[in-house]
Amino acid sequence: MMEKTKLLTISVVGLLLLNLGTLGFLFLNGKNHGPLHEGRPEPKEIIIGKLHFDAAQQKDYTKLIQWHRGEIKNLDANIRQTKNELYFQLSESEVNVKTKDSLITLLNTYQKQIEETHFKHFQDIKKLCKPEQQDSFNDLTEELGRIFSPNKPPRKRHD
């Protein structure tokens with residue numbers, strides 16, 4: 001009986017140390033880059049590096065990012081609300097085609113505004129560039145799709 005208790009105690013202590021070691025490893029070595037850009041530098045870091053922004057340009061760029069995120073956040077909220085209204089139509093006994101079409105047109109308008117906001121954001125970044133940085137900006141424009149692409153596995157279809 002005594003040997004079984006001793007063996008059980010040693011096993012429990014060993015498992016506890018193994019768990020603590022695993023948790024320590026995960027906390028010390030696991031950097032969180034967010035789900036969108038997991039394992040990659042943030043787009044902000046890439047753009048600052050590729051354009052060789054100085055401290056003043058970086059400060060102005062940070063302000064542009066804040067404006068851009070605010071605009072996109074508002075448009076995304078509008079899209080969510082409009083989609084809720086659109087899908088609410090499905091619960092009606094008969095779908096009002098005019099309402100459905102109006103909501104889809106509104107969604108298209110919001111999506112267009114998002115793309116215009118993205119485009120303006122990069123125009124504003126271009127304006128921050130000094131003449132000697134313009135070639136770097138032009139090179140960057142060829143990489144924008146890759147820099148901002150979500151690095152996610154393909155989604156499963158739920159038909």
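Is D54 buried, exposed or partly exposed? In this predicted model, D54 has a relative accessible area of 28% and is therefore partly exposed, since that value lies between the limits of under 20% for buried residues and over 50% for exposed ones. The surroundings of D54 are taken up again below, after a description of the chain as a whole.

The secondary structure of the chain consists of six helices and zero strands, so that the pattern read along the sequence is α-α-α-α-α-α. Of the 159 residues in the chain, 23% are buried. The chain exposes about 12,700 Å², and 58% of this area is supplied by carbon and sulfur atoms. When contacts with a separation of 6 or more are considered, 71% of them are accounted for by residues 24 or more positions apart.

Helix α1 covers residues 2–29 and includes V13. With a relative accessible area of 44%, V13 is partly exposed, and together with L17 and L20 this residue forms a nonpolar patch on the surface, the three having about 300 Å² of accessible area together. An α-helix has 3.6 residues a turn, so residues three or four places apart point the same way.

Helix α2, which spans residues 43–51, contributes P43, I46, I47, I48 and L51 as buried residues. The partners against which these buried residues pack are α3 (55–88), α4 (97–128), α5 (134–141) and α6 (144–147). Two packed helices are described by the angle between their axes and the distance between the axes. For α2 and α3, the angle is about 145 degrees and the axes are 12 Å apart, while the crossing of the two helices is right-handed. On the α2 side the contact is made by P43, K44, I47 and I48, and on the α3 side by Q58, Y61, T62 and I65.

In the loop between α2 and α3 lies H52, a residue other than glycine whose phi is nevertheless positive, with a value near 55 degrees. H52 comes just after α2 and is exposed, as its relative accessible area of 58% shows.

A contrasting histidine is H121, which belongs to helix α4 and counts as buried because its relative accessibility is 5%. When neighbours within four places in sequence are left aside, H121 is in contact with Y61, L64, I65 and H68. Of these partners, Y61 and I65 also take part in the contact that α3 makes with α2. Another buried residue, Q89, is found in the loop between α3 and α4, and its relative accessibility is 12%. With neighbours within four places in sequence again left aside, the contacts of Q89 are with V95, N96, T99 and L103.

Side chains of opposite charge can pair when their charged atoms come close. A search of the whole structure finds six salt bridges, among them one between D54 and K130, in which the closest N and O atoms are 2.6 Å apart. This pair links distant parts of the chain, since D54 is in the loop between α2 and α3 and K130 is in the loop between α4 and α5, 76 residues apart. Like D54, which is partly exposed at 28%, K130 counts as partly exposed, with a relative accessibility of 34%.

A further salt bridge joins E143 to K50, where the closest N and O atoms are 3.3 Å apart. Because E143 lies in the loop between α5 and α6 whereas K50 lies in helix α2, the pair ties together parts that are 93 residues apart in sequence. K50 counts as partly exposed, its relative accessibility being 33%.

The salt bridge between K112 and E116, by contrast, has its closest N and O atoms 3.5 Å apart and lies within helix α4, where the two residues are separated by about one helical turn because they are four residues apart. K112 counts as exposed at 52% relative accessibility, whereas E116, with a relative accessible area of 43%, is partly exposed. In addition, K120, D124 and K127 are joined into one network by salt bridges that share partners.

Key:
Residues numbered from 1 in each chain as written. Predicted model: local features only at pLDDT ≥ 70, side-chain atom pairs only at ≥ 80, totals over all residues. Heavy atoms only, no water. Patch = residues over 30% accessible without salt bridge, like charges linked within 9 Å, V, L, I, M, F, W, Y side chains within 5 Å. Areas by Shrake-Rupley, 256 points an atom, 1.4 Å probe, with all protein chains shown as cover. Salt bridge = Lys/Arg side-chain N within 4 Å of Asp/Glu carboxyl O. Buried < 20%, exposed > 50% of the residue type's maximum accessible area, 1.4 Å probe, protein only. Contact = heavy atoms within 4.5 Å. Axes fitted to C-alpha atoms, helices over the stretch in contact; angles between N-to-C directions. Left-handed = near helix turned anticlockwise from the far one by under 90°.
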